[in-house]
Each structure stands twice: as structure tokens, then as C-alpha cells.
Amino acid sequence: MRWWSVANLVSNAGTWMQLTVQNLLVLQLTGSAAATGLSLSVQAGPGLLMGLFGGAAVDRWPRKLTAAVSQAVLGLVAFSTAFLVATDQLNYGVLMALSAVTGLIATVDGPATALLGNDLVRREDVPSAIAVGSLVHSVGRLGGTALAGVAVGVLGTGAAYAANGFSFLFVAAVIPFLRPVSQALRGSGADKGGTNAPVSLEKAPKPVAEPVAVDPEPAMTAREGMAFFMRRPRLVALAVITGLSAVFGRNYQLTLAVLVTGPLSAGAGAFGTVSSVLAAGGIVGAILAARLRKPSVKLVGALAAAGALLQVVAGLSPSLIFLLVLVLPMSVVESVSDTAGTTVLQTDPPANMRGRVLGVWRSLSTGWGLVAPPLLGLLMEQVGARGALVAGGLIIAAVTGLGALLHARKGTIRTAPVTAAAYRTAA
């Protein structure tokens, strides 16, 4: 798991280097901000259309091989882009095509690498592993963004793509040496009891996931994954909570930017400070989330409601200092909620369905990721930044509270101790 975390740190830094430079490259090629936004949509688009099929492929194919091949192919795309930049043969159309290919490969690579990381730890440690992944993502984002500026200034635009290519190859080289917990436990039992000694299932900790074998049933399809997801009330509830938060909250880079530069009459430097506090809160939240042991949808809902109420107060901030005081807990709550939700998503389904469930989730998250910014922008045009923050927070809190009330009315009194424990964990 330590090697996997190091590999992910390198990969995340490389990815953010490329994403940062890609926006600059599109502006250089076209001079259009709209074209820059389109390039990001083209890269995200395959996740909306092909996420289900990518998840089904992960359930069908050996996980380590799938992750290694997808990382190597992503590295090849990055190297190809670097070569075209270096030889001055890259144009906007080719860049769009390469972005689409990257997005298509990511529909398989995303769930494969996520589930592979969970296979490396015991089941009770999955929340900690996901929290470490979130921490690695945050640190890699900060480091990659900074390194992008250095790379462009010293070596040119293509250097960032080349660096990202090497980061993918590093991950692909590490994967063959990883041992899932189930394999490690079998090896440990053989060493202690002889080659023919069985492993005691009563004493051995449960692995995160059973070994993924190719399912011989022809029903192992993307459609089956969608049907399973829709029949699972807790997964549907998780999607509703997360989708609402993605549309009406969490887009702080947009809403807080307008609030800081508009009603609060501060400059771009002040928003840079707000962004830094948001990033720091994400790191603190990831560290705190590592203490989670049995996160639930109820915990995610409680955190979503808490974050929404903080957002309402932030929308009413009378000064920049007051806003900065609120931004840190807002970011911490968001980070812990993300870790809890991801843990539920990756551990609730049976092992042979997890790839397809992640595929469904990728399609959903891509959908609300594409829809949220324009809807939020339209809302801000109508009611302003303060109104959008307040209204969005109230909508999230109201729907979450209504869902909890309806769930309680269905005779869930027996789950009260679990709910109380979840709220204590949130506190």
C-alpha cells in the first residue's frame, strides 16, 4: 500500500501538470476561453457515455492487468502529445482527439485503480486507504500545479506532457509487484503451516475484496450493473445526496470567487487566499477521515447537511475574515464526506459488481459535473452569489432532512444506535 500511495502521488502530480498546461496550450492554439472549456468537456464526455461499459470491463478482466495496461496506454497518449508539441505538429483538432482518447481510457482506468488500491488492505482499513488516496490527490494537485509552471518556464509546454507520461509508466511498473490482501494471507498461512496447511478462516482477517475472477455468466453486463444500482436504496440515496451537493454546493471555486470579488469587494489575491484555505481544509479532512471505520449513507447525509448550513452562513458573510473562518470547516466536512461516500460506494456491492457500480457512478458524476457549473452560473445571475450560496445550502439541507425523516418513518427505529454512532463520528 505504501508503494501504491507513492505511485499515486507521482501520477497525480503528473496529471495536474498536464491539466494545468492543457488549458494554457488550448489558449495558445485558439485564443478562446470557450475552446478551453470545450476541451475539458471532450475529455470528460466519455465518462458520461461509456462509464457503464468501462465498469463492466473492470469486472470481467483481471484487475492488475487492466490497471497496468490502462496506465501504460495513458502514458503513450501523453508521450504522443509531447512529441507533437515538440515538433510543432499539434493543432486544436488533434488535441481534442487525444483528449477524447484519454477520457475513454479513463473510464476503465478509474475503477480499476480504485478497486486495486482497496484490495491491498484489510476490509476494516478501507476508509483509511481511501482517505490516504484523498490526501495524495490533494498534495499531488498542489505539487503538480506548481511544477507545471516550472516545467513550462524552463523546458516548454511539452515537458509537462512528457512528465505525465513517465508518471503513468511508473505506476504501470509498480502494479505487477503489488499483492492483494487475500493473496498475502494465503502466502502467510502457507509459510506458517506448511505448503499444504489450510488458512484458518476464523482467525484470518477478512480481505477487502474476494479475488476477482471472470464471471462465466453472459449476464455480466453494464445493464446488470445499472439494475443492481437502482435496486440498492442506499446507493440511490448516496447518489441523490452527492448529486445535490455537486450542483448546489461544493462549486466553491465558482461561487466563492464571485462572492469575494463582488459583494465582499476583495481582489483576486484575496480569492487566492480562500483557495489556499480550501486546499488546506481538504488535507485536514483527509487526515481526519482516516479514522473512519464504518461510514454509512446516514453519515454522508449528516455531513452534507452540516456543510450546507455552513454554506448558508458563508453566503451571509459580512467580511472576508468571517468567510475565511468558515471556509476551513466547509472544506473539512466536504473531504470527510467524500471519503465516507467513496467507502460506501466501493464496499457495499459484492466483489463481482464493484466495477460496474463504479462505472454507473462515473456516468452519474460526469453528468452532474457537466450540468452543475452552467446551472449554478444561471442561478447566480438571478439571485447573486450570496443568494446562490444560501438557496443552494437550504435546498441540500431540506432534501437531506426530508430523506432522513422519510427513512425514519419506514420503521428504522432499530437502527438508532448505529445512527447515533454515525453522528458521534461526524462530530
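1. A good place to start is the surface: Leu48, Leu49, Met50, Phe53, Leu104, Leu370, Val371 and Leu375 together make a nonpolar patch with about 710 Å² of accessible area. Two elements, helix H2 (33-60) and helix H14 (354-408), each supply two or more of the patch residues, and H2 is the largest contributor, with four. Please keep in mind that this is a predicted model.

2. Leucine 370, one of the patch residues, sits in helix H14. Its relative accessibility is 33%, so leucine 370 counts as partly exposed.

3. Turning to the interior, the largest nonpolar core holds 50 residues. Those with the most contacts inside this core are Trp4, Ile175, Leu178, Phe229, Leu238, Leu345 and Trp361. Helix H14 gives the most to the core, with eight residues, and H14 is also among the elements that give two or more residues to the surface patch. There is a second, separate core of 21 residues, including Ala266, Val274, Ala314 and Ala388.

4. Tryptophan 361 deserves a look of its own. Setting aside neighbours within four places in sequence, tryptophan 361 is in contact with Phe229, Leu235, Leu238, Ala239, Thr242, Leu345 and Trp368. Of these partners, Phe229, Leu238 and Leu345 are also listed with Trp361 among the residues with the most contacts inside the largest core.

5. For the overall picture, the chain has 15 helices and zero strands. Of its 427 residues, 47% are buried. Among contacts between residues at least 6 apart in sequence, 87% join residues at least 24 apart. The accessible surface of the chain is about 20,200 Å², with 68% of that belonging to carbon and sulfur atoms.

Conventions:
Residues are numbered from 1 along each chain as its sequence is written. This is a predicted model: local features need pLDDT of at least 70, side-chain atom pairs count only at pLDDT 80 or more; totals for chains, interfaces and linings use all residues. Side-chain values use heavy atoms; hydrogens and water are left out. Patches are made of residues with over 30% relative accessible area and no salt bridge: like charges are joined within 9 Å, nonpolar side chains (Val, Leu, Ile, Met, Phe, Trp, Tyr) within 5 Å. Accessible areas come from the Shrake-Rupley method with a 1.4 Å probe; for residues, only the protein chains shown count as cover. A salt bridge is a side-chain nitrogen of Lys or Arg within 4 Å of a carboxyl oxygen of Asp or Glu. Buried means under 20% relative accessible area, exposed over 50%, partly exposed in between (1.4 Å probe, protein chains only). A nonpolar core is a set of buried Ala, Val, Leu, Ile, Met, Phe, Trp, Tyr and Cys residues joined through side-chain atoms within 4.5 Å. Contact means heavy atoms within 4.5 Å.
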